[in-house]
Amino acid sequence: MKVDVLLGLQWGDEGKGKVVDVLTPRYDVVARFQGGPNAGHTLEFEGQKYVLRSIPSGIFQGDKVNIIGNGVVLDPSLFKAEAEALEASGHPLKERLHISKKAHLILPTHRVLDAAYEAAKGDAKVGTTGKGIGPTYTDKVSRNGLRVGDILHNFEEKYAAAKARHEQILKSLNYEYDITETERQWLEGIDYLRQFQLVDSEHEINRLLKAGKSVLCEGAQGTLLDVDFGSYPFVTSSNTICAGACSGLGLGPNKIGEVYGIMKAYCTRVGAGPFPTELFDETGKTLRDLGHEYGAVTGRERRCGWVDLVALRYAIMLNGVTQLILMKSDVLDGFDTIKACVAYKVNGEEIDYFPFDITEGVEPVYAELPGWKTDMTGVTSEDEFPEEFNAYISFLEEQLETPIKIVSVGPDRAQTIERYVD
């Protein structure tokens, strides 16, 4: 058996949570492979709305195994709040959720360090969510981190040493803070974590594959936020691309099967960083309002713009995407004209590839297509698509050289249409 990988192709917020929820019935296992509670996956069904931060989006589907992999960073207090809210709404977790012992822990002082580092940057802020993600991954790479498995062995001693090291750094930055209440909640989260199945997830997932079980790997954020290939330094601290599923779960590259690339019909970004197709006019505001473009975790307004096919071709190449999933097409229902960036103009020269630096001097070159001017939220099959929308899909497939297999026409689980179905 091979695993299938699902990930975002833009700057995150593409709608991955909904798609994982829709696809989960076809799989035995859903495994999250990177990121932390800075990623909010929103799901809506049966009149309820849920936001998952660390827990895989397959948790709502019956008896599926859900795995938090070693590539994830976990905040025990936020995890406890998220898990207890799910259990209170009737979704049992303890028999469904397995957590890698090798996943790194976000400490209370990691959050403080996150704030201190951002404050020190002044106008050069990256725009982090302040959840301590970056400092946690920094400790991981510098071999100073604490892992979930450490809570089972001499934890108090290990935690005290890590905390003391952080306090020395904060002292050198002259940063004032008080973590008394945060630390109390965090330690309660540690006790709560001990109630779950803490596993060697790399062994577990390979054993499940060998037994013929089907596995869906769930990524967080988006390709353009990848620490190596994104719009550096305005990126997250992990590998959000398909290769991250291998390192974040302990899988060999030959175990990768289908790669689902999720894209919005337009583009959004949260926080600082370059965004070639960003709209600062009424159209951008309309996209934000119609798409309810506010961060699931932070509540921050998302910056909005037309779809960027240059960046999408780059993301498809990096991930080896085999099929595309088009989200939020209904947000464009009322537009007379739809624009799509097909190339960049840099220093007067037109290019069709994603360059080293898109910080400044990048001008989008647009193609224009007629809008469909139809409310698609009630559409239930591909046969009902307006002619103009079919033309838009065909244009995207031709430009991206990848088939669009699933189209979302609304936030609910039921507002999902599969194409190419025999």
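Colleague: How many bridges join strand E2 to strand E5?
Modeller: E2 covers residues 29-32, E5 covers residues 65-68, and the two run parallel. Strands (E, at least two residues) and helices (H or I, at least four) are DSSP runs numbered from the N terminus, and two strands pair if DSSP finds at least two bridges between them. For E2 and E5, the number of bridges is four.

Colleague: What pLDDT do local features need?
Modeller: Residues count from 1 along each chain as its sequence is written, and side-chain values use heavy atoms, with hydrogens and water left out. This is a predicted model, so to speak with a filter: totals for chains, interfaces and linings use all residues, side-chain atom pairs count only at pLDDT 80 or more, and local features need at least 70.

Colleague: Which residue in E5 is the bridge partner of Ala31?
Modeller: Strands of a sheet pair through backbone hydrogen bonds, parallel or antiparallel. Across to E5, Ala31 is matched with Ile67.

Colleague: Which strands stand at the edges of the sheet?
Modeller: The open, mixed sheet has 10 strands, ordered E9-E7-E5-E2-E10-E1-E11-E15-E19-E20. Two of them have a single partner each, so one side is left without a neighbour in the sheet: E9 (197-199) and E20 (416-418).

Colleague: Which helix gives the largest share of the largest nonpolar core?
Modeller: A nonpolar core joins buried (under 20% relative accessible area, 1.4 Å probe, protein chains only) Ala, Val, Leu, Ile, Met, Phe, Trp, Tyr and Cys residues through side-chain atoms within 4.5 Å. Among its 59 residues, Val5 and Phe389 are two of those touching the most other members. Six residues come from one helix, residues 387-400, namely H11.

Technical notes: Buried means under 20% relative accessible area, exposed over 50%, partly exposed in between (1.4 Å probe, protein chains only).
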